[in-house]
Amino acid sequence: MRTISILTCLAASLICVSVRSQDVSDTKRDTTDDPFRQLDETLPTPSESRLASGAPGPKYWQQKVDYDISVILDDTHQRLSGAETITYHNNSPHQLDFLWVQLDQNRFRKTSGDLMSRPAPSFEQLPFSQLQSHLYHEAFDGGFKIKTVTDVNGQPIPFTIVDTMMRLDIPVPLKSAQSMGLKITWEFNIVDAKKADSRGGYEFFEKEGNYIYEVAQWYPRLASYTDYAGWQHKQFLGAGEFTLEFGDFAVAINVPSDHVVAATGELQNPEEVLTKNQIERLQEIRNSGQIGLVITPEEAKANETREKASGTKTWKFSARNVRDFAWASSRKFIWDAKAHPNGNKKVWAMSYYPNEANPLWGKYSTYAVAHTLDVYTKFTFEFPYPVAISVNGPVFGMEYPMICFNGPRPEVDGTYSQGTKSDLISVVIHEVGHNYFPMIVNSDERQWTWMDEGLNSFLQFQAERQWQEKFVDEWGDVKPQGMRDLMSSFDKVPIMTNSDSIPSHQFFPNAYQKPVIALNVLRETVLGRELFDFAFKKYANRWKSKRPEPSDFFRTMEDASGVDLDWFWRGWFYTTKHVDIGIQSLRVYDIDTHDPDIEKALQRQKRDEIDQRDLIAERNRDIQKLNDRYPQLKDFYDQHDSLDVTVKERGEYQKFLEGLDEDEKKLLALGQKFYVIDLENIGGLVSPVILKVTFANQESELIHLPVEIWRQDPNRISRLILSKNEIVKIELDPRLQTADVERKNNYWPQQPIESRFKLFKEEKKKNPMQESREGK
């Protein structure tokens, strides 16, 4: 009871120097908008397949699909024809009455859902390339020509094509734990990747009549059947990428005999397709551990300029436990390689590129491949595949298991800008990094772009910062202080938006940049590097070669870090709110000593300071007052000063002191200032609060307040700061680590916002008569 009374006494006698008035209204808090509301009702219910911890459960399952494919490249007509045998393993606990097959090339049919749903272009300022693309799609005969679909015994299987999907009406339902074989033959025209909006295709070099082919989404492939969605047969509309099953591939690629082929997997017949010198060089490179040339620029130049070969060669590749297969072919390729250590093994880091790509590619591409493996392995797991390849061609950036397509090149004269250099390094890191997400951590790209693009871009950010001290990132600022305009704009959708529902102008910021900013905030500010890195690595290893959902990522990060992050996922991923915390005011309090000689002297000082600032009193000072002219009007109160200390007041003070114990007397004489900082959450997204407090002696202190400070009121809070030194300045988010979008309200007292403007001289335009005379 004694402690309560003295605290009550002290609180009642605090002197407020600066007080912000607030309106008090009887309001009820809307708990549906509670930023700390748990996500249990939003996330799917845990099961024995997917545990509440975010890990795969004891009853987790996924399908397996194996492919044996033979394909022929027609270099004259830019056409592919192929035959494949598919072995489908039903590992689900369900009976399947039919199968769904993806026909991604059907996206280029004139009546496809993608082409038919595209809005009209803006004709106010239409680039030549965009008009050319529209006209090309109108004329191009694209899409699969399915010739036959049979079982392994040659019996036809009825099928129905639905845009980019094909349903196979198998004669007998496929029971759980059963497998079945299918055979499909097909052909299609290869799209011109320089004219079409495509993830693969060819590039034509008119001068010598050669092509680079980057071949992807090129074979009919089984759609995924999952525990969370059944058949994933959302149509391929271009934005949402792919949802695929793991399996083993044996692929035979028949190309002109002077072509060089790069592909997913390991080459099975090098003696049949490589020269003796190339085989010897590969062995020398493996032994050296350095980057070496398998095909030199001079050899590539000679190959592309001599008469085209009339014969063909078949390159045979094998790949195990991959979700896809892609390849590239050309007579133009330079080929360099490095046997790069990764864990206890060596991985081939390779690059294939034409002479047009040098000197940029020969200098940077394979180094970037190897660097990516180093950084990503540190954050996730050892690279499980034998090779990682970067190919230069018409596609700016696209990823597949063990191989990726990357576009940046120097100018014709061999020079390049800082932007082109950064673009190349960035895109190689990004696309090679996709081996980890989603080629190994096999998320559903068709549904959630951010799960592979966002996580991969986050690791790309880490790899770029470990490439050099100040990496010039041409893809945009993805540090927490980046993207302020986007974060604070009203025209945006949550990260948790289906891939094909994200507006095209928001696609890159939404699925790539914003998740990177969010994860950087989570790593640097919320969890710290040690907790974040442990949890992120746990997620990657839990879901390696499996198919995670967003809930598995969210739950694993909480499970492994030991931190409740529901507020973070809710705010950053499920809403479009942003971080904008502002300093509203600073109030300072001193303890009232109860000593009338001290307190009344302070009051008199403040009164005199106010009187001295009173303009009217100052101007009236020389005016003779009435009671000065007539002294008889004066009485006791003209001489009395209410701030004079009386004997009674001194006695009461002594009596007050006698009632205090020694600890209470020490508190009374503390001499410490009590500062209260008032903060407002303007952007709506709750965040930890970092304050840099500067004192009159020029010393400073960094104060970290956890996000839970907003749990009682997510809109505004007041925080007590104890200090014996006078506070002269406070800065919110001084290290730019919370993604606060507005700096103007981050200071007390307010700081001037500096900027610069340019002057220009107005040019007088010539009138038509003057222009006419000049033309004569």
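Start with helix α14, where the buried residues are Asp566, Trp567, Phe568, Trp569, Arg570, Gly571, Trp572 and Phe573. This helix spans residues 566-573 and is mostly covered, with 8 of its 8 residues buried. Keep in mind as you look around that this is a predicted model.

**The core**

One of those α14 residues, Trp572, turns up again in the largest nonpolar core, which has 180 residues. Trp572 is listed there with Trp186, Trp218 and Trp327 as the residues with the most contacts inside that core. Which helix gives the most to this core? That would be α7 (residues 360-379), which puts in 10 residues. Apart from the big core lies another one, of 8 residues, including Ile591, Tyr653, Leu657 and Leu660. As a rule, nonpolar side chains in soluble globular proteins tend to be buried together.

Helix α8 is another one to find on screen. It covers residues 418-433, 16 residues in total, and runs 22 Å from its first C-alpha to its last, close to the 22 Å expected at 1.5 Å a residue. Is α8 buried or exposed? Of its 16 residues, 15 are buried, so the helix is largely enclosed by the rest of the structure.

**The sheet and two hairpins**

Now for the strands. There is an open sheet of 7 strands, in the order β5-β8-β3-β2-β14-β18-β16, and its pairing is mixed. At the edges you'll find β5 (145-151) and β16 (266-267); each has a single partner strand, so one side of each is left without a neighbour in the sheet. Within the sheet, β14 pairs with β18 (residues 312-322) in the antiparallel sense, over 9 bridges. If you want a spot to check, Ile253 has Trp315 in β18 as its bridge partner.

Just past β14, Asp258 sits in the loop between β14 (247-256) and β15 (260-263). Asp258 has 10% relative accessibility and so counts as buried. Its C-alpha is 8.3 Å from that of Gly311, although the two residues are 53 apart along the chain.

Two hairpins are also easy to pick out. In one of them, β9 (residues 201-205) and β10 (residues 210-215) pair antiparallel over 5 bridges, with Phe205 standing opposite Asn210. There are 4 residues between these strands, and Gly209 takes a positive phi near 70°. Strand β9 is mostly covered, as 4 of its 5 residues are buried.

The other hairpin joins β6 (residues 159-162) to β7 (residues 165-168), antiparallel, through 4 bridges. Here Val162 has Met165 as its bridge partner. With 2 residues between the strands, it is Asp163 that takes a positive phi, near 60°.

**Salt bridges**

Searching the whole structure turns up 44 salt bridges. Here are three of them, with the N to O distances.

| Pair | N to O distance |
|---|---|
| Arg331 and Asp75 | 3.3 Å |
| Glu299 and Arg281 | 2.8 Å |
| Arg607 and Asp608 | 3.9 Å |

Arg331 and Asp75 are both buried. Arg331 lies in the loop between β19 (327-330) and β20 (334-342), while Asp75 lies in the loop between β2 (64-74) and β3 (79-89), so this pair ties together parts that are 256 residues apart in sequence.

The pair of Glu299 and Arg281 links helix α6 (residues 297-305), which holds Glu299, to helix α5 (residues 276-288), which holds Arg281; the two residues are 18 apart. Glu299 is partly exposed, at a relative accessible area of 32%.

Arg607 and Asp608 belong to a wider group: Arg604, Arg607, Asp608, Asp641 and Asp644 are linked in a network of salt bridges. Arg607 is partly exposed, with a relative accessible area of 31%, and Asp608 is partly exposed with 31% as well.

**A nonpolar patch on the surface**

Which residues make the nonpolar surface patch of about 290 Å²? They are Leu626, Tyr630 and Leu633. Tyr630 sits in the loop between α17 (626-629) and α18 (636-639). This tyrosine, Tyr630, is partly exposed, with a relative accessible area of 37%.

Methods: Residues numbered from 1 in each chain as written. Predicted model: local features only at pLDDT ≥ 70, side-chain atom pairs only at ≥ 80, totals over all residues. Heavy atoms only, no water. Patch = residues over 30% accessible without salt bridge, like charges linked within 9 Å, V, L, I, M, F, W, Y side chains within 5 Å. Areas by Shrake-Rupley, 256 points an atom, 1.4 Å probe, with all protein chains shown as cover. Salt bridge = Lys/Arg side-chain N within 4 Å of Asp/Glu carboxyl O. Buried < 20%, exposed > 50% of the residue type's maximum accessible area, 1.4 Å probe, protein only. Core = buried A, V, L, I, M, F, W, Y, C linked by side-chain atoms within 4.5 Å. Expected span 1.5 Å × (residues − 1). Pairing = 2+ DSSP bridges.
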